[in-house]
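Biologist: Got a minute to go through this model with me? I'd like to start with one residue and work outwards.

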Amino acid sequence: MFARRGGGDYNRAMNPLVISCSLNPESRSAVLARRAQETLAKTCDDARLIDLRETALPMCDGGAAYRHEHVGPLAAAISGAGPILLAVPVYNYDTNAAAKNLIELTGRAWTGKVVGFMCAAGGKSSYMSVMSLANSLMLDFRCLIVPRFVYATGDDFNEDGSLSETIIRRTDELCDTAGELARAWSEVAGSV
Ligand SMILES: Cc1cc2nc3c(=O)[nH]c(=O)nc-3n(C[C@H](O)[C@H](O)[C@H](O)COP(=O)(O)O)c2cc1C
C-alpha cells in the first residue's frame with residue numbers, strides 16, 4: 001500500500017507521544033517507554049514521554065474529575081499527537097487500572113489515533129491482555145491499533161534492569177511501524 005522508507009516513516013514534526021502508565025516506582029514498562037521515546041527522538045524533534053507517576057490523575061467519576069488540572073493538558077497532548085505508544089503493566093489479565101482510567105478521562109482525544117502497546121508482565125500467558133483496551137480504542141474512538149506489540153516478562157530484563165537485545169529490537173520495530181502507519185493513515189484517514 002505504501003513504500004517503506006526504512007528507519008520509521010517519521011517526519012521531524014510528527015509529534016509521537018509515549019505514555020507510561022505504571023504507577024510503580026520500579027516499573028519495568030517505564031523502561032520500555034523510555035527506550036521508545038529515545039528511539040523516536042532520533043528521527044523526531046518533538047517525541048514526547050508522559051509518565052503517569054509524574055502526572056497524577058484522579059479516578060474518573062464521569063463528572064468533576066474531568067476538571068482536574070492535569071486532565072485538560074493531557075487530553076490536549078493526546079489530541080495533538082501523531083502516533084501514540086502506551087507502555088502498560090499487565091494486571092489481572094488486563095492493562096492496569098491507571099491505563100483504563102487515562103482513557104476514561106481523555107476519551108475523545110483518542111479519536112482516529114494510531115496506537116501501539118508495550119507491556120510488562122509477570123508471565124508469558126497473559127500476552128493477550130491488551131485486547132480489551134485495544135478493542136475499546138478501536139470501537140469507541142476508531143483508533144488504528146498497531147498489529148505488533150512488545151510484550152516483556154522478567155526474563156527480558158537484564159540484572160541491572162536494562163532491556164534485553166531482543167526487546168530493544170522489538171521496541172524499535174514498534175516505533176518504526178507506528179510511524180509508517182501514522183503516515184499512511186494520515187493520507188487515507190479522510191476517506192475512511
Ligand atoms: C495487581 C497485580 C496483578 C498482576 N497480574 C498479572 C497478570 O494477570 N499476568 C501477568 O503476567 N502478570 C501480572 N502481574 C505482574 C506484573 O505484570 C509485572 O509485575 C509487571 O512488571 C508490572 O509492570 P510494571 O513493572 O511496569 O509496573 C500483576 C502484578 C500486580 C501487582
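**Starting from one residue**

Modeller: Ile103 counts as buried because it has 21 C-beta neighbours inside 10 Å. The cut-offs: a residue is buried if 20 or more other C-beta atoms lie within 10 Å of its own, exposed if 12 or fewer, and partly exposed in between, with C-beta atoms placed from the backbone.

Biologist: Before we go on, what kind of model is this, and how are residues numbered?

Modeller: This is a predicted model, where local features need pLDDT of at least 70, side-chain atom pairs count only at pLDDT 80 or more, and totals for chains, interfaces and linings use all residues. Residues are numbered from 1 along each chain as its sequence is written.

Biologist: OK, back to Ile103. Where is the place of Ile103?

Modeller: Ile103 sits in helix α3, residues 97–106. Helices (H or I, at least four residues) and strands (E, at least two) are DSSP runs, numbered from the N terminus.

Biologist: And what does Ile103 touch?

Modeller: Leaving out residues up to four places away in sequence, Ile103 touches Trp110, Leu133 and Ser136. Contact here is when the C-beta atoms of two residues, placed from the backbone, lie within 7 Å. There's also Cys60, which is 43 residues from Ile103 along the chain, with 9.3 Å between their C-alpha atoms.

Biologist: Zooming out, how many helices and strands are there?

Modeller: The protein has 5 helices and 7 strands. From the N terminus on, the order is β-α-β-α-β-β-α-β-α-β-β-α.

Biologist: What about the overall dimensions?

Modeller: The C-alpha trace spans about 45 × 45 × 30 Å along its principal axes. With 192 residues, a compact globule would have a radius of gyration near 16 Å, and the protein's 16 Å agrees with that. That radius is taken over C-alpha atoms, and the globule rule is 2.2 Å times the number of residues to the power 0.38.

Biologist: What share of the residues count as buried?

Modeller: 44% of the 192 residues. As for contacts with a separation of 6 or more, 79% of them are between residues 24 or more positions apart.

Biologist: Let's do the strands. What's up with β5?

Modeller: Strand β5 covers residues 114–120, and 7 of its 7 residues are buried, so it is largely enclosed by the rest of the structure. Val114, Gly116, Met118 and Ala120 point one way, while Val115, Phe117 and Cys119 point the other way.

Biologist: Which strands does β5 pair with?

Modeller: β5 pairs with β3 in the parallel sense over 6 bridges, and Leu85 stands opposite Gly116 in β5. A pair means DSSP finds at least two bridges between the strands. β5 also runs parallel to β6 (residues 144–145), with 2 bridges joining them, and Val115 has Ile145 as its bridge partner there. Then there's β7 (residues 150–152), parallel to β5 over 3 bridges, where Met118 is partnered by Val150.

Biologist: What links β5 to β6?

Modeller: Helix α4 (residues 131–141) makes a right-handed β-α-β unit with β5 and β6. Right-handed means that, with the strands pointing away from the viewer, the path from the first strand over the helix to the second runs clockwise.

Biologist: And β3, how many of its residues are buried?

Modeller: 7 of 8, so β3 is largely enclosed by the rest of the structure. β1 (residues 17–20) runs parallel to β3, joined by 4 bridges, and Ile19 stands opposite Leu86 in β3. β4 (residues 94–95) pairs with β3 in the antiparallel sense over 2 bridges, with Asp94 as the bridge partner of Tyr91.

Biologist: Anything odd in the loop between β3 and β4?

Modeller: Two backbone angles. Asn92, in that loop, has a positive phi of about 50° although it is not a glycine. Tyr93 is in the loop too, with a positive phi of about 55°. Most residues other than glycine have a negative phi.

Biologist: Asn92 and Tyr93, buried or exposed?

Modeller: Asn92 counts as exposed because it has 9 C-beta neighbours inside 10 Å. Tyr93 has 13, so it counts as partly exposed.

Biologist: Last topic, the ligand. Which residues are closest?

Modeller: Ser22, Ser29, Pro89, Ala121 and Gly122 are the closest of the 16 residues surrounding the ligand. A residue is near a molecule if its C-beta atom, placed from the backbone, lies within 6 Å of it. The elements giving two or more residues to that shell are α1 (29–43) and β3 (84–91), and β3 supplies the largest share, 3 residues.
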